[in-house]
Amino acid sequence: MKADFKISFKDIINEYKSASSKSAVGKNLGISYSKVIKTLLSAGIDIEDELANNIFDLKCQGFTNQEICKQLNISMKVLNAHTPYAKGAYGLPDDEISEKALYYRQWKNKNKNN
């Protein structure tokens, strides 16, 4: 099992492509389930997670994190576990991420100055 600090973004993605589930990725790499989810979402990988999709849709509609938590009846901790890392896909150029990740990156940059 690898130590958490030595696991790269690509290690998680590659493991996800070969593993049977997000939970299996966490167990195989010795990292938390939420780190797996956040990393995959940051890379723009569709993880078929209904909650992450609902959160993304509400963020795109302009809801605040608090409003999203209230509407979905979830805690801030759960919301944070199902959203991409703030810096997106670790600096990947726009042409190497999914449309959804690019949209989120552009939305975040647009709203950064508000």
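A residue counts as exposed when its relative accessible area is over 50%. Keep that cut-off in mind as you look at these close-ups, which come from a predicted model.

**View 1. Asn73 sits in a loop between two helices.** Find the end of α5 (65–72) and the start of α6 (76–81); Asn73 lies in the loop that links them. With a relative accessible area of 72%, Asn73 is above the 50% cut-off and therefore counts as exposed. Now check its backbone: the phi of Asn73 is positive, about 55°, although Asn73 is not a glycine. Why is that worth a second look? Most residues other than glycine have a negative phi.

**View 2. Glu48 also has a positive phi.** This residue is found in the loop between α3 (33–42) and α4 (50–60). Its phi is near 50°, and Glu48 is not a glycine either. Is Glu48 buried or exposed? The relative accessible area of Glu48 is 70%, so Glu48 is exposed.

**View 3. Helix α3 is mostly covered.** How many of the 10 residues in α3 are buried? The count is seven. You can pick them out one by one: Val36, Ile37, Lys38, Thr39, Leu40, Leu41 and Ser42. Notice that this list of buried residues includes Lys38, Thr39 and Ser42 alongside Val36 and Ile37. After the helix comes Gly44, with a positive phi near 80°.

**View 4. Helix α1 packs against α3.** Here α1 (residues 9–18) meets α3 at an angle of about 95°, and their axes are 10 Å apart. That angle makes the two helices roughly perpendicular. On the α1 side, look for Phe9, Ile12, Ile13 and Tyr16; on the α3 side, look for Lys35, Val36, Thr39, Leu40 and Ser42. Sorted by class, the residues of this contact are six nonpolar, two polar and one charged. As you trace the helices, here is a handy rule: an α-helix has 3.6 residues a turn, so residues three or four places apart point the same way.

**View 5. Thr83 is a buried loop residue.** Look between α6 and α7 (99–112) to find the loop that holds Thr83. Its relative accessibility is 8%, which is under the 20% cut-off, so Thr83 counts as buried. Which residues does Thr83 touch, leaving aside its neighbours within four places in sequence? They are Lys38, Leu41, Ile55 and Lys59. You have already met Lys38 and Leu41 among the buried residues of α3.

Notes:
Residues are numbered from 1 along each chain as its sequence is written. This is a predicted model: local features need pLDDT of at least 70, side-chain atom pairs count only at pLDDT 80 or more; totals for chains, interfaces and linings use all residues. Side-chain values use heavy atoms; hydrogens and water are left out. Helices (H or I, at least four residues) and strands (E, at least two) are DSSP runs, numbered from the N terminus. Buried means under 20% relative accessible area, exposed over 50%, partly exposed in between (1.4 Å probe, protein chains only). Axes are lines fitted to C-alpha atoms, for helices over the stretch in contact, and angles run from 0 to 180 degrees between N-to-C directions. Angles under 35 degrees count as roughly parallel, over 145 as roughly antiparallel, 65 to 115 as roughly perpendicular and the rest as oblique. Contact means heavy atoms within 4.5 Å. Ala, Val, Leu, Ile, Met, Phe, Trp, Tyr, Cys and Pro count as nonpolar, Asp, Glu, Lys and Arg as charged, and the others, Gly among them, as polar.
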